[in-house]
Amino acid sequence: MPSETAEDASYECPVCGARLTVEPPLPPHEAPCPVCAYPLWCRKRTVDDVVVLDVMRGRTPEHAEMQQVAEKLLGSKAPLRVVVDLSDLDFISSALMARLVALNKRIRAADGRFILCGMQPVVRDAFHDSTLHRVFEIHADQQASFAAL
Ligand SMILES: [Zn+2]
């Protein structure tokens with residue numbers, strides 16, 4: 001279990017690693033990464049060797065954009081442990097769920113761990129209604145996710 005709390009780590013672009021401000025300018029879809037222009041849908045933090053992706057509300061990544069993040073994650077040498085925090089979302093599109101299924105598959109195929117956490121009731125219902133919750137490892141929040149790793 002990582003010693004550092006997730007809050008201590010800084011935010012990065014999930015693709016190029018550029019440092020991001022804690023609060024992105026709004027609206028999110030007008031906030032590409034200032035360095036690589038990747039259209040941000042999440043911010044990355046690394047806590048010990050656990051990658052935390054904080055999903056931002058209001059934007060669903062295109063398939064290719066999710067693949068960019070997957071390639072970046074899979075390019076790291078450390079064993080992959082990824083925690084995706086959905087707590088900012090008060091709604092989740094079926095497209096975003098499908099992207100997360102794809103990312104989950106790729107990380108697991110590389111013997112990585114992939115955890116979803118921070119689901120609000122509406123989001124949790126969406127996963128259960130589609131039975132997609134069965135394909136994910138899901139924990140209540142980041143703390144519970146780190147404890148499970
Ligand atoms: Zn970037």
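Q: Which atoms are the protein donors of the zinc ion?
A: To read a metal site, start with the atoms that hold the metal. In this predicted model, the donors are the SG atoms of Cys13, Cys16, Cys33 and Cys36, lying 2.3 to 2.4 Å from the zinc ion.

Q: What is the geometry of the site of the zinc ion?
A: Here you look at the angles among the donor atoms. Four donors count as tetrahedral if all angles lie between 85 and 135 degrees. The angles at this zinc ion are 106 to 113 degrees, and the site is tetrahedral.

Q: What spacing do the donors follow along the chain?
A: Spacing is read by going from one donor to the next. For this zinc ion the pattern is C-x2-C-x16-C-x2-C. Cys16 sits in the loop between strand S1 (11-12) and strand S2 (19-20), while Cys36 sits in the loop between S2 and strand S3 (42-47), so this pair ties together parts that are 20 residues apart in sequence.

Q: How exposed are Cys16 and Cys36?
A: Check the relative accessibility of each residue. Cys16 has 33% and counts as partly exposed; Cys36, at 34%, is partly exposed too.

Q: Now the whole protein: how many helices and strands are there?
A: Count the elements, then follow their order. The protein has four helices and seven strands, and along the sequence they run β-β-β-β-α-β-α-β-α-β-α. Of its 149 residues, 46% are buried.

Q: Which residues of helix H1 are buried?
A: With a helix, ask which residues are covered and where they point. H1 covers residues 63-74 and reaches 16 Å from its first C-alpha to its last, close to the 16 Å expected. Its buried residues are Glu65, Met66, Val69, Ala70 and Leu73. They span an arc of only 145 degrees around the axis, which puts them on the same side of H1.

Q: What covers the buried residues of H1?
A: Look for the elements in contact with them. The cover includes strand S4 (50-55), strand S5 (81-85) and helix H2 (94-109).

Q: And what can be read from H2, starting with how many residues it has?
A: Use the same steps again. H2 has 16 residues and reaches 22 Å from first C-alpha to last, close to the 22 Å expected. Its buried residues include Leu96, Leu100, Leu103 and Ile107, and also Arg99 and Asn104. Among the elements covering the buried residues of H2 are H1, strand S6 (113-117) and helix H3 (121-129).

Q: What phi does Asp111 take?
A: For a backbone angle, check the sign and then the place in the chain. Asp111 comes just after H2 and takes a positive phi of about 65 degrees.

Technical notes. Residues are numbered from 1 along each chain as its sequence is written. This is a predicted model: local features need pLDDT of at least 70, side-chain atom pairs count only at pLDDT 80 or more; totals for chains, interfaces and linings use all residues. Side-chain values use heavy atoms; hydrogens and water are left out. Helices (H or I, at least four residues) and strands (E, at least two) are DSSP runs, numbered from the N terminus. Buried means under 20% relative accessible area, exposed over 50%, partly exposed in between (1.4 Å probe, protein chains only). Donors are N, O and S atoms within 2.8 Å of the metal (3.2 Å for Na, K and Ca); water is not among the atoms, so sites may look incomplete. Four donors count as tetrahedral if all angles lie between 85 and 135 degrees; four count as square planar and six as octahedral if opposite donors are over 155 degrees apart and all others between 65 and 115; anything else is irregular. The expected span of a helix is 1.5 Å times one less than its number of residues. The arc is that of the directions from the helix axis to the C-beta atoms. Contact means heavy atoms within 4.5 Å.
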